[in-house]
Amino acid sequence: MKPVDPRLLREAAPARRFLAGTVLLGAVTTALVVMQAVLLAHVLAAAFDGTVATAALIGLPAVVAARTLVAAGGESLATRASSLVKSRLRSRLAGRSLHTGGTADARPGDLVTLATRGLDALDPYFARYLPQLVLAIITPVAVLVVVARADLTSALVMAVTLPLIPVFMILVGLHTRARTERQWNLLERLGGHFLDVVQGLPTLKVFGRAQAQAAVIADVTAAHRRATMRTLRVAFLSALVLELLATLSVALVAVEVGLRLLDGGLPYETALLVLILAPEVYLPLRNVGAQFHASMEGATAAGRALDLLGDRPSDGHRSAPSIPARIPREPAQALWLSHVTVRYPDRTSPALDDVSLAVEPGERLVVIGPSGAGKSTLLAVILRFTRPESGDTGFAATPAADWRREIAWVPQDPHLFTGTVADNIRLGHPDADDAALRHAAALAGAASFIEALPEGYLTPVGENGSRLSSGQRRRIALARAFLRDAPILLLDEPTAHLDGIGAAELHDTLEHLMAGRTVVMVTHDHRWTGSADRVARLDAGRLTIGAPLEGELMTTAPLKVLS
Ligand SMILES: Nc1ncnc2c1ncn2[C@@H]1O[C@H](COP(=O)(O)OP(=O)(O)OP(=O)(O)O)[C@@H](O)[C@H]1O
């Protein structure tokens with residue numbers, strides 16, 4: 001990281017007035033530092049001679065008070081500059097995220113970490129580091145000029161030792177940069193991964209991968225902790241060494257001044273002035289080193305935010321299925337519900353009201369119904385995400401994890417996890433080899449667009465597939481289902497939000513996937529009723545076999561209802 005990031009300063013253009021005020025107050029502080037030293041030397045020298053320098057005695061507290069006020073004013077101006085820059089960067093990040101659902105290089109979780117904790121860390125950069133940087137430039141020069149006019153030898157000693165501090169700081173900075181960047185990357189990964197896992201928890205549960213993800217979060221947390229400790233260690237050590245260097249330099253001036261004072265080669269008041277001013281030459285540089293470490297996190301985060309505000313999401317194209325699916329085994333447990341009622345905690349009317357149905361092995365049941373009728377709730381009961389308030393099911397006695405092994409679920413908006421395309425398909429069957437993976441992708445009609453991606457199957461998909469179109473995400477979810485090769489298939493609105501062409505392209509793939517499996521499909525799309533073995537209708541939680549609505553194709557056998 002450079003001492004000052006020019007992009008960040010450009011971003012701070014609207015806060016220019018505040019920053020200019022900070023620089024001006026820095027110059028005033030320097031003048032006050034010199035005045036304070038001159039007055040103090042005068043008061044002490046007078047006291048040594050047995051007199052009282054009244055004017056200097058009155059002026060001294062006034063100068064100290066003015067120094068305090070100017071320092072407070074400087075910090076307040078710098079904080080206002082920081083707030084302006086933060087809110088500008090935040091709104092640009094939010095705008096970017098809204099338009100793209102993330103960026104090519106950042107997942108929504110990363111953006112949240114950046115926009116909150118990351119940009120908050122800019123306060124030390126603007127409120128303390130930048131003002132201190134100004135002081136570190138103005139004060140040593142001004143003090144050296146004052147000392148040179150009083151005593152050239154001391155000024156020369158200071159001029160020789162002073163550059164050692166920035167040289168040493170640059171060396172430490174180079175060493176720290178990589179560590180801070182690593183620490184920040186890990187924190188971002190942690191934020192992104194956590195959000196990713198929470199969003200995709202239902203999918204992880206169905207595929208039995210939730211525990212594995214918890215272990216990944218634990219690993220990233222531990223790595224972040226180690227990186228933070230390493231960065232802190234370097235920061236503490238470098239502060240110690242800078243302190244030592246500055247103290248030795250002041251001691252050198254003190255020895256040289258003391259010897260000449262004993263010789264009588266230096267007036268008492270001049271010696272005092274040099275001794276009081278000597279630490280002031282090194283202090284601002286020492287402080288800027290400390291503030292540099294405190295502000296690095298914010299500056300790194302802001303740099304990352306500025307990097308991200310320039311990228312574009314990529315897209316691909318669709319492909320058609322080519323290879324026939326193989327016939328899967330029968331489910332081990334019976335798929336039936338008897339008098340099942342589900343009521344959500346804050347609702348008076350039930351989401352499913354006394355629903356009974358049985359689906360035969362290999363049968364295809366299509367459940368249609370308007371929005372809010374309870375279709376997703378029905379799937380949630382079968383997936384064991386929702387426990388019925390009353391009623392019984394054929395799978396209630398089976399442990400949920402075992403039952404879910406029988407199921408492949410393609411949700412309405414499939415969740416893709418951070419990782420490669422291959423990782424996402426393998427969720428369906430973690431031990432599957434590459435050949436099986438490619439076969440599943442081909443069956444899902446996903447092979448050609450995956451192979452056209454920059455790194456093929458090893459291309460990272462971005463958080464929740466932000467680099468893929470919604471049709472491509474759906475095909476990856478279908479590939480997952482093909483690879484899972486489970487006897488029961490649950491489909492939630494498989495062609496929702498697709499135009500006529502998109503839905504038609506997906507139709508053949510879905511037919512392949514459904515072939516030979518026990519299928520429950522919930523949908524608004526009446527076109528699917530034509531190929532169903534049976535059609536059920538859900539209305540306000542009640543499953544009915546009523547007369548088809550106008551335009552509906554309810555040409556199927558009546559629904560079997562368990563008594
Ligand atoms: N977690 C929940 N808490 C409270 N009420 C819920 C919850 N989930 C669903 N509901 C309510 O239960 C009813 C059935 O919802 P469900 O999502 O099953 O319907 P749906 O037919 O799948 O709708 P859509 O087609 O819009 O997805 C609705 O009235 C809905 O508002």
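**Figure 1. The largest nonpolar core of the predicted model.** The structure shown is a predicted model, and its largest nonpolar core contains 71 residues. Within this core, Ile425, Ala479, Leu489 and Leu490 touch the most other members. Helix α16 (residues 470-484) supplies the largest share of the core, seven residues. Domain 1 (6-308) and domain 2 (335-544) both give residues to the core, and it therefore lies between them. Apart from this core lies another one, of 67 residues, which includes Leu32, Met169, Ala278 and Leu285. In soluble globular proteins, nonpolar side chains tend to be buried together.

**Figure 2. The surroundings of Ile425.** Which residues does Ile425 touch, not counting residues up to four places away in sequence? They are Leu437, Ala440, Ala441, Ile476, Ala479, Arg480 and Leu483. Ala479 is also named, together with Ile425, among the four core residues that touch the most other members.

**Figure 3. The residues around the ligand.** The ligand is surrounded by Tyr344, Asp346, Arg347, Ala351, Gly369, Ser371, Gly372, Ala373, Gly374, Lys375, Ser376 and Thr377. By character, this shell divides into six polar, three charged and three nonpolar residues.

**Figure 4. His339, a residue with positive phi in a strand.** Most residues other than glycine have a negative phi. His339, which is not glycine, has a positive phi near 50 degrees. This residue belongs to strand β1, which spans residues 335-342. Is His339 buried or partly exposed? His339 is partly exposed, because 14 other C-beta atoms lie within 10 Å, whereas a buried residue has 20 or more.

**Figure 5. Glu493, a residue with positive phi in a loop.** Glu493 is not a glycine, yet its phi is positive, at about 45 degrees. Where is Glu493 found? Glu493 occupies the loop between β6 (488-492) and α17 (500-514). With 19 other C-beta atoms within 10 Å, Glu493 is partly exposed, since the cut-off for a buried residue is 20 or more.

**Figure 6. The protein as a whole and the confidence of the prediction.** The protein has 17 helices and nine strands. Of its 563 residues, 43% count as buried. Among contacts with a separation of 6 or more, 82% join residues 24 or more positions apart. The mean pLDDT is 79, and 87% of the residues reach 70 or more. Over residues 311-328 the pLDDT is below 50, and this stretch has 49 contacts in the model beyond near neighbours in sequence. Residues 546-563 also have a pLDDT below 50, with 27 contacts beyond near neighbours in sequence. The model scores ipTM 0.94 and pTM 0.52.

How values were computed:
Residues are numbered from 1 along each chain as its sequence is written. This is a predicted model: local features need pLDDT of at least 70, side-chain atom pairs count only at pLDDT 80 or more; totals for chains, interfaces and linings use all residues. A residue is near a molecule or strand if its C-beta atom, placed from the backbone, lies within 6 Å of it. Ala, Val, Leu, Ile, Met, Phe, Trp, Tyr, Cys and Pro count as nonpolar, Asp, Glu, Lys and Arg as charged, and the others, Gly among them, as polar. pLDDT is the predictor's confidence in each residue, from 0 to 100. Two residues are in contact if their C-beta atoms, placed from the backbone, lie within 7 Å. Helices (H or I, at least four residues) and strands (E, at least two) are DSSP runs, numbered from the N terminus. A residue is buried if 20 or more other C-beta atoms lie within 10 Å of its own, exposed if 12 or fewer, and partly exposed in between; C-beta atoms are placed from the backbone. A nonpolar core is a set of buried Ala, Val, Leu, Ile, Met, Phe, Trp, Tyr and Cys residues joined through C-beta atoms within 7 Å. Domain bounds come from an automatic or database domain assignment.
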